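Let's work through how labels such as "oblique" or "buried" are earned. Take a look at the model first, and then we will go through the reasoning together.

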Amino acid sequence: MANSIADRVSFFLSGYPPFNMLGKKSLLEIASQVDIIYLEKGDTVFKKDDAYHKHFYIVRDGAVNLYHITETNKNIVGINDTGDIFGLRALITKENYKLSSVANEESILYAIPIEVFETVTQKQVKIHKYLVTSFASNTYDPYTAEENDEIFVDYLPNSSQDIANFQTADYTKTPITCTTDSHLKEAATLMCTHSISCIIVVDEHKHPVGIITNSDIKKKIATGLFPITTPVTNVMSSPVFTDNRNTTVANAQLQMIQHNISHLCITKDGTPNSKLVGILTHHDILVTLGNSPSVLLKEVKRAKRNKNLRSARLKSNTLLKSYLEQNIPLSHIIKVISKINDAVVVRAIELSIKKMETPPPVAFSWIAIGSQGRKEQLLFTDQDNALIFDDVPKEDYKKTQEYFLQLAKLVTKSLNIIGFEYCKADMMASNIEWCKSISEWKTQFNNWIISADEKGILLSSIFFDYSLSFGNKPLVDDLTDSIYKTLEHSSLFFNLLAKDALKSPPPLGFFKQFLVEQNGEHKDLFNIKRKGLMPLIDAARLLVLSKQIKNINSTYDRYDKLAQIDPNNKELYHSCAYAFKALLKFKTKQGLLHNNDGKFIELSSLTKEEQLKLKRCFKPIKEIQESLKLRFNLSNAL
């Protein structure tokens, strides 16, 4: 009969390095002798200068912080969460611990007996090499370590949430009220008319004396407890809880939690005995904190002006900072922020259409291109977009195009107000070059593919990363089908794309020093976008096009898909995906820290460990470029 605990431990270990390098029998031998340790938050696994244990550890659930503690400081140097190994000093050097490890939350560890592990892994050079590397670099994955990568945390102030908590709460300054003489039907009618969830009952001095919410109506009227004609005083909750105009988000939250309420009346002096001046809801708190994607999306959809959209988009930066501080996987962050970006664009287009004198004359599609098209735009950057409209009779073409150009100018202006800069190269739908009928777009892409030249290749690298933002999906599908049909007979185009993808070699010099900008305003800075991200982006685009993979736009998704269909190079593609996410995370944090696009990095500000980890991300660039060189027969290109 199988040892179910050992089997479960073995199954878990098999998902993480270095245990995934072991055979089933060896893994089970280790798993059968693992100790399971439960930790409360704050429990210590080992302390600095403790004698080394007979185990090293892997986190099963929860998280364990590693601290470097001196007489005057306690600095966190790493957070190990599910699947991370730590305590390797006992295994590698048999020395007393240099760091202290403390549970960051309720956690479960598997303590791996070193003696058993060493016996089982004897002569397994690959595993020993991995452990030594991990020990030396304090990371389990040399390419990304996304799940435990805290190397950049020092760049960010841990204050974004604090700032939001202690800012003045934004409340509704025109609350809807009824008097104590009102009947419920009258109050409910007002609530429906104004699409609100509550109404405040005030006395003759405009002092709040009660509140009626949707919940009250459900519980007291719908159940038959009171008739709809009952006076509001029979249904209202009373007394109300009040605060003053300057209450903070944190204080308002505290009151709501303390009194189990979701509405707070704002009065002139903060007491129930003064004039009602506003109403603050739990929804307002969430919007202010910006810590809920769903709330932000609702805010975007309800926005009636560009300034409302700008406010919502700015809050998504707070969300972005919060996610990065919590070390949430970047793939999830990208999806959330992209969803918000898409919603902002959609709402900007909807509002712009309302400003037009007539509805669109024919179906159209607004497409995002470049980083927006790849859904990799985490920070505010410039706009990249285009517009496709349905074919019209030749005599109507000019008039139709003029309509959509006018619409596009309204949209791009709105996006600029919201925070997306105009594209310096004018690659926007408001440019007549990028606002065309579906037939003209097909011709345009065909020309880029069949008659490829330097300019065409450059534009291809931007326009081939497109995705539908708004409008008619069949138009985009039609364009995609046309492009891929043309690509079936375009070996020269792929050859040129491959050469273009090799234009930025791995950014390390002969002695493995970073290749920085040599002149200009960014002299001596490192361009992480051009030298780190773009080579990976270009290679992924080329490979999915050459393999006729449709409708997968993000770079890491492209590599994941390539790993599925080309298992012989699975490890390389996964490494590229990991490296891409690590570099994008690095760039985003730099951008948030310096309030810019994060493209240029001052390397002297990085620790040696950070520089080492950054360099490790470049290894997949070299390998994928070598692969392209062989695949597209470019032996002299590198």
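Q: Why are helices H23 and H25 called oblique to each other?
A: In this predicted model, the axes of H23 (residues 570-594) and H25 (residues 619-631) cross at roughly 135 degrees. Angles over 145 count as roughly antiparallel, those under 35 as roughly parallel, and 65 to 115 as roughly perpendicular. The crossing angle fits none of these ranges, so H23 and H25 are oblique.

Q: Which residues make the contact between H23 and H25?
A: On the H23 side they are Leu-572, Tyr-573, Ser-575, Cys-576 and Ala-579. H25 brings Pro-620, Glu-623, Ile-624, Ser-627 and Arg-631. The two axes come within 9 Å, and the crossing is left-handed.

Q: What makes Thr-555 buried?
A: Thr-555 is in helix H22, and its relative accessible area is 0%. Buried means under 20%, so Thr-555 belongs in that class.

Q: Which residues is Thr-555 in contact with, leaving aside its neighbours within four places in sequence?
A: They are Arg-374, Glu-376, Leu-536, Ile-537, Ala-540 and Phe-580.

Q: Why is Asn-551 called exposed?
A: Asn-551 has a relative accessibility of 64%. Exposed means over 50%, so Asn-551 counts as exposed. You will find Asn-551 in the loop between helix H21 (528-546) and helix H22 (555-565).

Q: Why is Lys-375 called partly exposed?
A: Its relative accessible area is 24%. Under 20% would be buried and over 50% would be exposed, so with a value in between, Lys-375 is partly exposed. Lys-375 is in the loop between helix H15 (370-373) and strand E16 (385-389).

Q: What is phi in Lys-375 and in Asn-551?
A: Lys-375 has a positive phi of about 60 degrees, although it is not a glycine. Asn-551 is also a residue other than glycine, and its phi is positive, near 60 degrees. For background, most residues other than glycine have a negative phi.

Q: Where are the cis peptide bonds at Pro-18 and Pro-239?
A: The bond from Pro-17 to Pro-18 is cis, with omega near 5 degrees, and Pro-18 is in the loop between helix H1 (4-13) and helix H2 (24-31). Another cis bond joins Ser-238 and Pro-239, where omega is about 0 degrees. Pro-239 is in the loop between helix H9 (232-235) and strand E12 (242-243). As a general rule, most peptide bonds are trans.

Q: How many residues are in the largest nonpolar core, and which have the most contacts inside it?
A: This core has 117 residues, and Phe-463, Tyr-559 and Leu-614 have the most contacts inside it. Helix H14 (residues 330-355) gives the most, with twelve residues. At least three residues come from each of domain 3 (316-488) and domain 4 (494-632). In soluble globular proteins, nonpolar side chains tend to be buried together.

Q: Which residues is Leu-614 in contact with, leaving aside its neighbours within four places in sequence?
A: Leu-614 is in contact with Phe-514, Phe-526, Ile-528, Leu-583, Phe-586, Leu-603 and Leu-606. A second, separate core of 36 residues includes Leu-22, Tyr-57, Leu-66 and Ala-90.

Q: How many helices and strands are in the chain?
A: There are 25 helices and 20 strands. Of the 638 residues of the chain, 51% count as buried.

Key:
Residues are numbered from 1 along each chain as its sequence is written. This is a predicted model: local features need pLDDT of at least 70, side-chain atom pairs count only at pLDDT 80 or more; totals for chains, interfaces and linings use all residues. Side-chain values use heavy atoms; hydrogens and water are left out. A nonpolar core is a set of buried Ala, Val, Leu, Ile, Met, Phe, Trp, Tyr and Cys residues joined through side-chain atoms within 4.5 Å. Buried means under 20% relative accessible area, exposed over 50%, partly exposed in between (1.4 Å probe, protein chains only). Helices (H or I, at least four residues) and strands (E, at least two) are DSSP runs, numbered from the N terminus. Domain bounds come from an automatic or database domain assignment. Contact means heavy atoms within 4.5 Å. Axes are lines fitted to C-alpha atoms, for helices over the stretch in contact, and angles run from 0 to 180 degrees between N-to-C directions. A crossing is left-handed if the near helix is turned anticlockwise from the far one by less than a right angle, and right-handed if clockwise.
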